[in-house]
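Grab a coffee and open the model in your viewer. Below are some exercises, each with a worked solution.

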Amino acid sequence: MKKQEFVVGLDIGTTKICAMVGRRDGDGEAEIVGTGVAPSKGLRKGVVINLESTIDSVERAIEKAEEEAGVEVSRVFTGIAGGHIRGFNSRGVVGISRSSREVSRKDVERVINATKAVAIPLDQEVIHVIPQEFTVDDQDGVKNPIGMSANRLEAEVHIVTGAVTSAQNIIKSVNWAGFEVEDIVLGPLASAEAVLSPEEKRSGVVLIDIGGGTTDMVIFSQSSIRHSEVLSLGGDHVTNDISVGLRTSPQQAEEVKKAYGCATASLIKREEFFRYPGVGGRRGGKVSLSQLCEVIEPRIEELFSLVSSDIDRTGLAHSISAGVVLTGGASLLRGLPEMAERILRLPVRLGRPNGRVRGLGKGKDSPIYATAVGLVHYGLTYRQGKKMAPFKGRNLFSQVALRMKEWLGEFF
Ligand SMILES: Nc1ncnc2c1ncn2[C@@H]1O[C@H](COP(=O)(O)OP(=O)(O)OP(=O)(O)O)[C@@H](O)[C@H]1O
Ligand SMILES: [Mg+2]
């Protein structure tokens with residue numbers, strides 16, 4: 001098989017770095033042929049703060065994935081997240097001046113370009129410009145305007161920007177590990193590719209990816225992305241609270257959380273006590289499930305209250321008929337979906353990445369791998385065979401323009 005047929009998704013998360021090698025199988029379905037995971041030690045809240053250890057983990061994750069897939073890879077699709085991410089909607093208008101008055105592909109590119117004429121702070125870089133819909137003269141809700149007769153073309157888009165330095169550090173980590181970045185993709189957008197169905201996107205859905213350091217959210221309605229947000233809060237904050245509360249090490253607290261943790265007190269039917277070790281040889285202690293829940297519950301409540309206010313602010317609450325899909329490792333916490341349902345007042349389901357992909361090995365259909373699987377989906381759909389130039393100044397912008405063309409190619 002030719003090397004170009006493989007796509008690599010590289011999820012650089014706060015707790016783990018995961019590389020997945022995928023391709024289209026004989027039936028044209030996405031298939032994962034290799035996975036590599038390495039613990040991540042160089043990130044905080046989704047942002048690279050230690051290049052050296054990130055490079056090391058990237059190398060190890062990709063090596064393992066290569067080994068399992070039996071291929072050598074050189075390019076990766078990588079995710080980006082962190083509190084520096086901004087998502088907003090914008091619109092642009094152009095006149096259709098040619099004598100035929102027929103909307104061409106060029107006009108669509110022109111109007112998309114016009115949507116970018118908004119003030120973006122110097123330290124921010126455009127990562128995505130995603131069309132939502134077009135208005136042709138007075139007719140709104142048009143998905144594909146090419147070929148239509150018109151005097152005036154209007155576009156509505158969702159723009160995602162991120163800190164230049166954060167994007168650079170991700171690209172550097174990958175480059176210095178010996179690989180090239182084919183494209184950089186908003187993490188939750190990738191997760192959405194992996195766990196949401198087209199019907200959910202059409203009906204209106206909130207995707208929430210709760211990882212170790214961040215909670216990432218995107219809202220879709222009428223098959224388009226309407227909102228994106230990254231909160232610097234995740235499962236590691238819960239672990240931290242447990243570690244402080246029980247005076248035990250973060251590693252022990254993590255074990256305790258996974259084994260006994262619960263985010264909704266009413267789910268604890270039978271009280272149970274368990275022992276845990278102390279820090280540095282000190283005596284550990286004994287706590288009950290309810291006492292542990294008292295530490296966890298307020299944190300998760302706080303998290304979903306923030307999510308709830310964010311949804312309210314968007315004004316999209318009425319268009320979320322399909323409810324909420326939770327993914328990311330922290331969504332595995334017992335009682336967390338119940339808490340989400342209670343605070344968001346929407347139906348909630350857990351999103352695993354096995355729905356639209358084949359070959360996910362044993363244990364790999366966990367919500368932990370949603371972003372990596374989604375990056376493979378994204379790569380298989382939007383690949384354009386170019387690499388991102390190693391970073392020199394603000395050069396992501398031209399790359400975005402190129403990707404737009406490709407995206408339109410897929411769209412129409
Ligand atoms: N069974 C489980 N129960 C509770 N929490 C869990 C479980 N499994 C994993 N987690 C938590 O999930 C988090 C890691 O999730 P994930 O791998 O999605 O994060 P990440 O992608 O590395 O981080 P981020 O997306 O924030 O950069 C950790 O906080 C971990 O404690
Ligand atoms: Mg993640």
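Helices (H or I, at least four residues) and strands (E, at least two) are DSSP runs, numbered from the N terminus. We're working with a predicted model, where local features need pLDDT of at least 70, side-chain atom pairs count only at pLDDT 80 or more, and totals for chains, interfaces and linings use all residues; side-chain values use heavy atoms, with hydrogens and water left out. Residues are numbered from 1 along each chain as its sequence is written, while chains are lettered from A and ligands numbered from 1 in the order in which they are written.

**Exercise 1. A lysine in a helix**

Task: find the helix that holds Lys-201, then decide whether Lys-201 is buried or exposed.

Solution. Start with the helix: Lys-201 sits in α5, residues 198–203. Next, the cut-offs: buried means under 20% relative accessible area, exposed means over 50%, and partly exposed is in between (1.4 Å probe, protein chains only). Lys-201 has a relative accessible area of 15%, so Lys-201 is buried. Last, look at the surroundings, where contact means heavy atoms within 4.5 Å. Setting aside residues up to four places away in sequence, Lys-201 touches Ala-192, Glu-193, Leu-196, Phe-220, Ser-221, Gln-222 and Ser-223.

Now follow one of those contacts, Ser-223. Ser-223 belongs to the loop between β13 (215–221) and β14 (224–231). Its phi is near 65 degrees, positive even though the residue isn't glycine. With 39% relative accessibility, Ser-223 counts as partly exposed.

**Exercise 2. Two helices that cross**

Task: work out how the axes of α6 and α7 cross, and which residues meet there.

Solution. First, α6 on its own. This helix has twelve residues and reaches 17 Å from first C-alpha to last, close to the 16 Å expected at 1.5 Å a residue. (The expected span is 1.5 Å times one less than the number of residues.)

Second, the crossing. Axes are lines fitted to C-alpha atoms, for helices over the stretch in contact, and angles run from 0 to 180 degrees between N-to-C directions. Helix α6 (residues 235–246) and helix α7 (residues 250–260) have axes that come within 8 Å and cross at roughly 110 degrees. Angles under 35 degrees count as roughly parallel, over 145 as roughly antiparallel, 65 to 115 as roughly perpendicular and the rest as oblique. So α6 and α7 are roughly perpendicular to each other.

Third, the residues. From α6 come Gly-235, Asp-236, Val-238, Thr-239, Ile-242, Ser-243 and Leu-246; from α7 come Pro-250, Ala-253, Glu-254, Val-256 and Lys-257.

Fourth, what lies under α6? Its buried residues include Ile-242 and Leu-246. The buried residues of α6 pack against α7, β15 (273–276), β16 (285–288) and α8 (289–314). Right after α6 comes Arg-247, with a positive phi near 50 degrees.

**Exercise 3. Reading a sheet**

Task: which strands stand at the edges of the five-strand sheet, and which helices pack on this sheet?

Solution. Two strands pair if DSSP finds at least two bridges between them. The open sheet runs β3-β2-β1-β6-β11, with mixed pairing. β3 (30–39) and β11 (180–186) are at the edges with a single partner strand each, so one side of each has no neighbour in the sheet. From one strand to the next, the twist averages 25 degrees.

Zoom in on one pair: β1 (residues 7–12) and β2 (residues 16–24) run antiparallel and are joined by six bridges. There, Val-7 stands opposite Gly-22 in β2.

Now add the helices. α4 (residues 187–195) touches β6 (75–80) and β11, its direction making about 85 degrees with that of β11. α10 (residues 370–382) touches β1, β2, β3, β6 and β11, and its direction makes about 145 degrees with that of β1.

**Exercise 4. Turn and loop**

Task: how many residues lie between the strands of the β8–β9 hairpin, and what does Val-279 touch?

Solution. β8 (residues 124–136) and β9 (residues 139–142) run antiparallel, joined by two bridges. Phe-134 has Val-142 in β9 as its bridge partner. Two residues lie between the strands, and Asp-137 in the turn has a positive phi of about 50 degrees.

Val-279 is in the loop between β15 and β16. At 34% relative accessibility, Val-279 counts as partly exposed. Not counting residues up to four places away in sequence, Val-279 touches Arg-247, Thr-248 and Ser-249.
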